[in-house]
Amino acid sequence: PTPAVAYLARELGAAAGAVISASHNPYQDNGIKFFSSEAVKLSDDEELEIERRMEHSGQTPPGVAAPEPIVCEAVVPEPATPEPAAHTTAPEPAAPEPVTHITDAGERYIRFCLDAVSDTISLDGVRLAVDCAHGAVWQVAPHVYRSLGAEVTLLGAAPDGRNINRDCGTTSPAALQRAVVEGGADLGIAFDGDGDRVLMVAGDGRLVDGDELLFIIADGLHRRGALRGGVVGTEMSNLGLETALRERGIGFERAAVGDRYVMQKMADKGWTLGGEPAGHIICLDKTTTGDAIIASLVVLQTLAESGADLGAAAAAVRKCPQVLVNVPLHRRLDGQAPEVERAAAKARQALGDGGRVLVRASGTEPLLRIMVESQLEDTSRLWAGRIADEARRSLGA
């Protein structure tokens with residue numbers, strides 16, 4: 001899992017960690033995530049610099065020192081015929097750097113997850129349905145829960161390299177919802193493909209999203225006097241989360257969409273809890289990055305302490321109707337289209353303090369994401385539709 005690589009980079013004293021994964025996307029959208037030696041994601045500026053150097057792969061950009069040559073393990077066949085003698089002697093090739101294969105990486109990460117909560121939680125007799133999204137947690141997640149005493153029914157645990165996130169996991173939780181109800185599970189846990197997002201399903205089949213999970217964790221920490229500061233959400237976080245937290249005297253701040261921006265806001269505020277509706281939950285008192293297994297364990301720990309079931313605990317967040325529309329794009333959108341921004345401004349003016357509008361380009365897919373939130377679903381749907389229509393007209397989507 002992605003958070004395991006972050007943990008191992010620091011644990012092993014590595015210079016960096018790198019993950020190749022489709023994350024929450026189809027396998028065709030494989031990408032790369034980097035972590036520093038401190039187990040945190042690289043900044044935007046650092047990633048852009050890497051991309052800039054890659055674009056100049058055959059030349060050194062002005063003002064940038066030429067990088068040292070990279071030597072990889074390789075098997076080089078002997079030439080079929082000897083080369084003619086040269087007038088000068090070629091330098092001896094550099095010896096390849098040693099490559100160490102970590103054979104117990106999974107076991108190390110499992111111990112890390114268990115150490116985070118094992119002295120304060122027991123899952124004896126708890127029946128869990130766990131959807132691994134045919135992704136990176138398919139072996140480690142069930143092992144963690146079973147080690148704590150849970151009875152685990154697995155879904156999405158047969159990865160073949162192409163079925164990651166296909167009709168399963170956090171992006172398609174319907175199968176898990178059915179499995180919870182039909183199998184009589186106490187609750188369900190859904191992961192995304194690389195293990196940094198988690199959603200849950202209550203015993204009656206209701207989906208519990210990242211906003212609600214974030215509230216459950218914050219409320220539990222607050223009751224124990226262990227919450228440091230407040231909670232960081234994003235521009236997509238539901239107004240109901242903000243209201244529920246403030247009713248309990250818990251501060252709330254919004255960051256731009258993306259877990260790295262949540263992390264930055266948390267660092268700026270000195271807070272230790274943040275997350276996104278899609279299921280990124282960051283518990284800095286436990287780890288350094290969004291970690292779906294750790295977040296799920298903290299939720300289970302909180303429920304065990306309170307004696308409440310998942311559905312009852314989540315019900316404290318009274319959500320405002322939020323309509324999301326994704327408009328496909330034929331090209332990457334740099335900046336905002338004026339026509340779309342004017343349509344969004346009209347919606348903001350009409351909604352006033354009773355609603356919110358967010359329009360942004362996806363960071364991982366060719367989509368324009370439109371979110372409208374208000375007190376009435378019909379109102380949200382009306383304005384989201386008008387903005388989407390203008391986007392299709394003006395952007396040729």
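In this predicted model, ring pairs gather Tyr7, Tyr109 and Phe112 into a cluster. The structure holds two aromatic pairs. For Tyr7 and Phe112, the ring centres are 4.3 Å apart and the planes meet at 15 degrees, so this pair is stacked; the cut-off for stacking is an angle under 30 degrees. Tyr7 belongs to helix 1 (residues 2-11) and Phe112 to helix 3 (residues 105-117), so the pair ties together parts that are 105 residues apart in sequence. Tyr7 and Phe112 are both buried.

The surroundings of Tyr7 fit into a wider picture of helix 1. This helix is mostly covered, with seven of its ten residues buried. The buried positions are Thr2, Pro3, Ala4, Ala6, Tyr7, Leu8 and Ala9. Their cover includes strand 1, strand 2 (31-36) and helix 3, the last of these being the helix that carries Phe112. Just after helix 1, Gly13 adopts a positive phi of about 70 degrees. A little further along comes Ala18, which is found in strand 1 (residues 16-21). Ala18 touches Val5, Lys33 and Phe34, when residues up to four places away in sequence are left out of the count. Ala18 and Ile32 are separated by 14 residues in sequence and by 6.8 Å in space, C-alpha to C-alpha.

It helps to set these details against the chain as a whole. The protein chain has twelve helices and 14 strands, and 46% of its 397 residues count as buried. Among contacts in the protein chain with a separation of 6 or more, 63% come from residues 24 or more positions apart.

Strand 3 (residues 127-131) offers a good place to look at parallel pairing. Four of the five residues of strand 3 are buried, so this strand is largely enclosed by the rest of the structure. Strand 3 pairs with strand 4 (residues 151-155) in the parallel sense, over five bridges, and Val130 stands opposite Leu154 of strand 4. The connection between these two strands involves helix 4 (residues 140-147): strand 3, helix 4 and strand 4 make a right-handed β-α-β unit. Strand 3 also runs parallel to strand 5 (residues 187-191), to which four bridges join it. Here Ala129 of the central pairing stands opposite Gly188 in strand 5.

Strand 8 (residues 231-234) can be described along similar lines. Val231 and Gly233 point one way from this strand, Val232 and Thr234 point the other way, and all are buried. Strand 8 and strand 9 (residues 252-255) run parallel and are joined by four bridges. A right-handed β-α-β unit is made here by strand 8, helix 7 (residues 239-247) and strand 9. Strand 8 further pairs with strand 10 (residues 273-275), again in the parallel sense, over two bridges. Val231 takes part in both pairings: its bridge partner is Phe252 in strand 9 and Leu273 in strand 10.

Antiparallel pairing appears later in the chain. Three strands form an open sheet in the order 12-14-13, with antiparallel pairing. Strand 12 (322-328) and strand 13 (356-361) are the edge strands, each pairing on one side only. From one strand to the next, the twist averages 10 degrees. Strand 13 and strand 14 (residues 367-373) run antiparallel and are joined by six bridges; across this pairing, Val357 stands opposite Val372 in strand 14. Helix 11 (residues 338-351) lies across strand 13 and strand 14, and runs at about 165 degrees to strand 13.

A last side-chain arrangement involves a charge and a ring. The charged end of Arg386 sits over the ring of Trp383, 4.7 Å from the ring centre.

Key:
Residues are numbered from 1 along each chain as its sequence is written. This is a predicted model: local features need pLDDT of at least 70, side-chain atom pairs count only at pLDDT 80 or more; totals for chains, interfaces and linings use all residues. Side-chain values use heavy atoms; hydrogens and water are left out. Buried means under 20% relative accessible area, exposed over 50%, partly exposed in between (1.4 Å probe, protein chains only). Two strands pair if DSSP finds at least two bridges between them. A crossover is right-handed if, with the strands pointing away from the viewer, the path from the first strand over the helix to the second runs clockwise. Rings of Phe, Tyr and Trp (its six-membered ring) pair if their centres lie within 6.5 Å; planes under 30 degrees apart count as stacked, over 60 as edge-to-face and the rest as tilted. A charge sits over a ring if NZ of Lys or CZ of Arg is within 6 Å of the ring centre and within 35 degrees of the ring normal. Axes are lines fitted to C-alpha atoms, for helices over the stretch in contact, and angles run from 0 to 180 degrees between N-to-C directions. Contact means heavy atoms within 4.5 Å.
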